[in-house]
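This report goes through one protein chain, from its overall layout to a few chosen residues. Please keep the sequence and the structure in view while reading.

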Amino acid sequence: MIIYVTQQFENVATNNILVNGDVEFTLTSGFSRNPVVLPATILTQNDRYTMLNVDFNVDFKDQHKNGIYYYTISNSLTVFEKGYCKIVTEPGGQNGAITFDSGVETEERESIVYYRPNY
């Protein structure tokens, strides 16, 4: 499943028709293993599928959340579906990298080679 997060509320479809109650859509990164619990509401439910409206936070799309996540659709008592999904955000956000500066003025200085013999 691929989820394009371009706004706060996104629709997610599941083939499970037994989804009921206060639904939670949980994303767990394979890197950090920290679950992010997102509330969801049932939009449509019929004999084939259930359409959920997942409430991603307002700033979720601006964070660097692109990647593969383990997702769980559940309520407080029952887990309805588990699997992997790909999250794609626009514009992708910052990656959280911090530049390293050692504080030495000559850190970027490169040596100049005037003569190099070929043996």
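## Basis and strand layout

Strands here are DSSP runs of E of at least two residues, numbered from the N terminus, and with that numbering Ser-102 is placed in the segment after S7. The model is a predicted one, and the protein chain in it has seven strands and zero helices. Along the sequence the pattern is accordingly β-β-β-β-β-β-β.

The radius of gyration of the protein chain is 23 Å, whereas the globule rule gives 14 Å for 119 residues, so the chain is more spread out than a compact globule. Taken along the principal axes, the box filled by the C-alpha atoms is roughly 80 × 35 × 25 Å.

## The segment after S7

Ser-102, in the segment after S7, counts as partly exposed, with a relative accessibility of 37%. Its C-alpha atom is separated by 43 Å from that of Phe-25, although the two residues are 77 apart along the chain. Phe-25 itself is a member of the largest nonpolar core, which is taken up further below.

## Surface, charge and contacts

About 9000 Å² of the protein chain is exposed, and carbon and sulfur atoms supply 50% of that area. Of the 119 residues, 29% count as buried. The chain carries 8 positive and 14 negative charges, and the mean positions of the two sets are 9 Å apart.

When contacts are restricted to residues at least 6 apart in sequence, 60% of them join residues at least 24 apart.

## The nonpolar core

In soluble globular proteins, nonpolar side chains tend to be buried together. In this model the largest nonpolar core has 19 residues, and those that touch the most other members are Ile-3, Phe-25, Leu-27, Val-54, Phe-56 and Ile-87. At least two residues of this core come from each of S1 (2-5), S3 (23-29), S4 (35-45), S5 (50-55), S6 (67-74) and S7 (79-89).

Phe-56 deserves a separate look. Leaving out residues up to four places away in sequence, Phe-56 touches Ile-3, Val-5, Gln-8, Glu-10, Leu-27 and Leu-38.

## Gln-8 and its partners

Gln-8 lies in the loop between S1 and S2 (9-14), and with a relative accessible area of 29% it is partly exposed. Not counting residues up to four places away in sequence, Gln-8 touches Val-54, Asp-55, Phe-56, Asn-57 and Val-58. For one of these partners, Asp-55, the C-alpha separation from Gln-8 is 6.0 Å, while the two residues are 47 apart along the chain.

## Glu-81: buried or exposed?

The heading's question concerns a residue of strand S7: is Glu-81 buried or exposed? Its relative accessibility is 18%, and because buried means under 20%, Glu-81 counts as buried. Apart from its neighbours within four places in sequence, Glu-81 is in contact with Thr-14, Asn-15, Asn-16, Tyr-71, Thr-72 and Ile-73. Among these, Asn-15 is 66 residues from Glu-81 in sequence, with 8.9 Å between their C-alpha atoms.

## A positive phi at Arg-33

Most residues other than glycine have a negative phi. Arg-33, however, has a phi near 60°, a positive value in a residue that is not glycine. Arg-33 lies in the loop between S3 and S4, and at 61% relative accessibility it counts as exposed.

Note on methods:
Residues numbered from 1 in each chain as written. Predicted model: local features only at pLDDT ≥ 70, side-chain atom pairs only at ≥ 80, totals over all residues. Heavy atoms only, no water. Helix = DSSP H or I, 4+ residues; strand = E, 2+ residues; numbered from the N terminus. Rg over C-alpha atoms; globule rule 2.2 N^0.38 Å. Buried < 20%, exposed > 50% of the residue type's maximum accessible area, 1.4 Å probe, protein only. Contact = heavy atoms within 4.5 Å. Areas by Shrake-Rupley, 256 points an atom, 1.4 Å probe, with all protein chains shown as cover. Lys, Arg positive; Asp, Glu negative; His and termini not counted. Charge placed at Lys NZ, Arg CZ, Asp CG, Glu CD. Core = buried A, V, L, I, M, F, W, Y, C linked by side-chain atoms within 4.5 Å.
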